[in-house]
Amino acid sequence: MNLLVLPGDGIGPEITAVAADALRAVSDRFRLGLHLTDDVVGHESLRRHGTTVRPEVLEAARKADGLVLGPTAAFEFRDQINPSMFFRKNLDLFANIRPCRTYPGLAVKAGAFDLVVVRENTEGFYADRNMESGGSEILVTKDVAIAMRRITRVCCERIARAAFDLAMRRRKQVTIVHKANVLKVTDGMFLDECRKVAKEFPAVKVDEIIVDAMMAHAVRAPQRFDVIVTTNMFGDILSDLTAELSGSLGLGGSLNAGADHAMAQAAHGSAPDIAGRNVANPFSLVLSAALLLAWHGRRKKLKEFEAAASAIEQTVEAAIAAGEVTPDIGGKLGTRETGAAFAARLRAA
Ligand code: ATP
């Protein structure tokens with residue numbers, strides 16, 4: 001499997017180094033034959049090449065079997081391409097899969113849970129991916145601004161299908177999160193399409209929750225949820241909440257998946273407040289890398305890739321139980337030391 005590794009900005013290089021080490025360790029142990037190639041996007045690319053993403057990097061991404069993208073400083077790239085959006089859109093990575101679970105030995109406020117937020121990734125309130133050219137925010141006068149939210153049947157249908165397919169491999173429960181009471185046309189369409197797809201999966205139990213109430217339910221009883229499907233921005237916000245409820249945003253792994261490509265990417269941003277301090281939790285990207293291996297294994301019917309993904313998840317669990325973790329989840333180790341202990345544990349098992 002050829003992987004393109006792009007470290008990104010802020011804490012990106014620190015956590016990407018750990019994820020790459022974990023991939024090498026698991027490749028040796030399970031004889032996966034992973035081949036990692038590095039390139040740059042974001043600030044480093046801007047400094048070296050005058051642009052945040054070069055066309056050659058997209059070409060390399062298309063040819064690779066998967067991407068590992070560190071967080072990028074989207075907010076800082078006002079007149080430059082946002083690399084995260086760029087790959088999601090150009091590779092049509094429409095499903096953002098964000099699993100979230102608690103771990104034995106890590107105290108949490110809301111009790112143990114295990115859920116997945118399935119978030120649409122290619123349209124919605126994200127102004128940078130809705131239009132053929134230009135953004136979907138308009139400055140009408142210097143004091144009046146409008147943001148448009150694009151919702152299409154095809155994108156609703158395919159994200160709903162991704163959620164129900166996933167639910168069939170889990171506890172067979174899907175919660176549709178929406179705001180169709182107010183956004184009657186757009187979220188009405190999303191809800192319609194989810195309900196249509198639900199009819200094809202009679203074994204799956206379905207419920208519908210309005211997004212604002214969902215925040216209360218997620219905090220009150222996250223254990224009642226299995227797969228949650230929602231539109232782009234709602235999913236982004238909700239999955240930060242569920243990651244933090246599981247112990248830390250630094251445990252939030254995610255996979256951006258399409259029909260032919262997939263990209264491992266932490267659920268969080270570039271965390272400039274802690275960048276370069278060797279304190280960032282690398283498990284978000286390590287767990288994202290595991291999702292990428294599992295995706296590849298399922299598609300190509302390669303059991304060793306699925307076994308490698310499980311081994312990474314179990315090793316995260318073991319590292320947390322042993323306290324070999326970063327300060328955000330109560331540990332005393334730095335990012336590098338956490339990574340070294342993790343790779344050693346993975347190789348020793
Ligand atoms: P960006 O502008 O790139 O989105 P941000 O700081 O606004 O960055 P996040 O990067 O998502 O947003 O960070 C939110 C908070 O969570 C910050 O306080 C950050 O330090 C913390 N955080 C994010 N990722 C991690 C991590 N891997 N380990 C520890 N703390 C993290």
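# Exercises on a predicted model

At 3% relative accessibility, Arg98 counts as buried, and this residue of a predicted model is the starting point for the exercises that follow.

## Exercise 1. A salt bridge across the chain

Task: Find which residue forms a salt bridge with Arg98, and work out where the two partners lie.

Solution. Step one is to look for the partner, and Arg98 forms a salt bridge with Asp236, with 3.1 Å between the closest N and O atoms. Step two is to place both residues: Arg98 belongs to strand E4 and Asp236 to helix H8, so that the pair links distant parts of the chain, 138 residues apart. Step three is to compare their surroundings, using the rule that buried means under 20% relative accessible area. Arg98 is buried because its relative accessibility is 3%, whereas Asp236, at 22%, counts as partly exposed.

## Exercise 2. The buried side of helix H8

Task: Decide how the buried residues of H8 are arranged around the axis, and name the elements against which they pack.

Solution. Begin with the helix as a whole: H8 runs over residues 232–245, has 14 residues and reaches 20 Å from its first C-alpha to its last, close to the 20 Å expected at 1.5 Å a residue. Next, list its buried residues, which are Asn232, Phe234, Gly235, Leu238, Ser239, Thr242, Ala243 and Leu245. They cover an arc of only 155 degrees around the axis, which puts them on the same side of H8. The general background is that an α-helix has 3.6 residues a turn, so residues three or four places apart point the same way. Then turn to the neighbours: the buried residues of H8 pack against the strands E4 (95–101), E5 (114–120), E8 (173–178) and E10 (227–230), and also against the helices H6 (186–199) and H7 (211–220). Finally, follow the chain past the end of the helix, where Gly247, just after H8, takes a positive phi of about 140 degrees.

## Exercise 3. Two further salt bridges

Task: Find the salt-bridge partners of Arg161 and Arg195, and state how far apart in sequence each pair is.

Solution. Take Arg161 to begin with: this residue forms a salt bridge with Glu157, the closest N and O atoms being 2.9 Å apart. Both residues lie in helix H5 (residues 153–168) and are 4 residues apart, about one turn of the helix. Arg161 is partly exposed, with a relative accessible area of 25%, and Glu157 is partly exposed as well, with 28%.

Now take Arg195, which forms a salt bridge with Glu208, where the closest N and O atoms are 2.8 Å apart. Because Arg195 lies in helix H6 and Glu208 in strand E9 (residues 205–210), the pair ties together parts that are 13 residues apart in sequence. The relative accessible area is 40% for Arg195, which is partly exposed, and 35% for Glu208, which is also partly exposed.

To set these pairs in context, a search of the whole structure finds 25 salt bridges, and Asp114, Arg170, Arg171 and Asp226 are linked in a network of such bridges.

## Exercise 4. Where two domains meet

Task: Describe the boundary between domain 1 and domain 2, giving the area they bury and the residues that supply 48% of the domain 1 share.

Solution. The domain assignment gives domain 1 as 1–93 + 252–349 and domain 2 as 109–245, and the centres of the two, taken over C-alpha atoms, are separated by 24 Å. At the boundary, 10 residues of domain 1 are in contact with 11 residues of domain 2. Between them the domains bury about 860 Å², 38% of it on carbon and sulfur atoms. Met85, Arg88 and Lys89 supply 48% of the area that domain 1 buries against domain 2, more than any other three residues. The count of salt bridges between domain 1 and domain 2 is 1.

## Exercise 5. One face of helix H11

Task: Sort residues of H11 into buried and exposed, and find what the buried ones pack against.

Solution. The buried residues of H11 are Thr335, Thr338, Gly339, Phe342, Ala343 and Leu346. Seen down the axis of H11, these fall within an arc of 130 degrees, so they line one face of the helix. On the other side of H11, Arg336 and Ala348 are exposed. The buried residues pack against helix H1 (12–30), helix H9 (283–300) and helix H10 (303–322).

Notes:
Residues are numbered from 1 along each chain as its sequence is written. This is a predicted model: local features need pLDDT of at least 70, side-chain atom pairs count only at pLDDT 80 or more; totals for chains, interfaces and linings use all residues. Side-chain values use heavy atoms; hydrogens and water are left out. Helices (H or I, at least four residues) and strands (E, at least two) are DSSP runs, numbered from the N terminus. The expected span of a helix is 1.5 Å times one less than its number of residues. Buried means under 20% relative accessible area, exposed over 50%, partly exposed in between (1.4 Å probe, protein chains only). The arc is that of the directions from the helix axis to the C-beta atoms. Contact means heavy atoms within 4.5 Å. A salt bridge is a side-chain nitrogen of Lys or Arg within 4 Å of a carboxyl oxygen of Asp or Glu. Domain bounds come from an automatic or database domain assignment. Buried area is the accessible area (1.4 Å probe) that two parts lose on being put together, summed over both.
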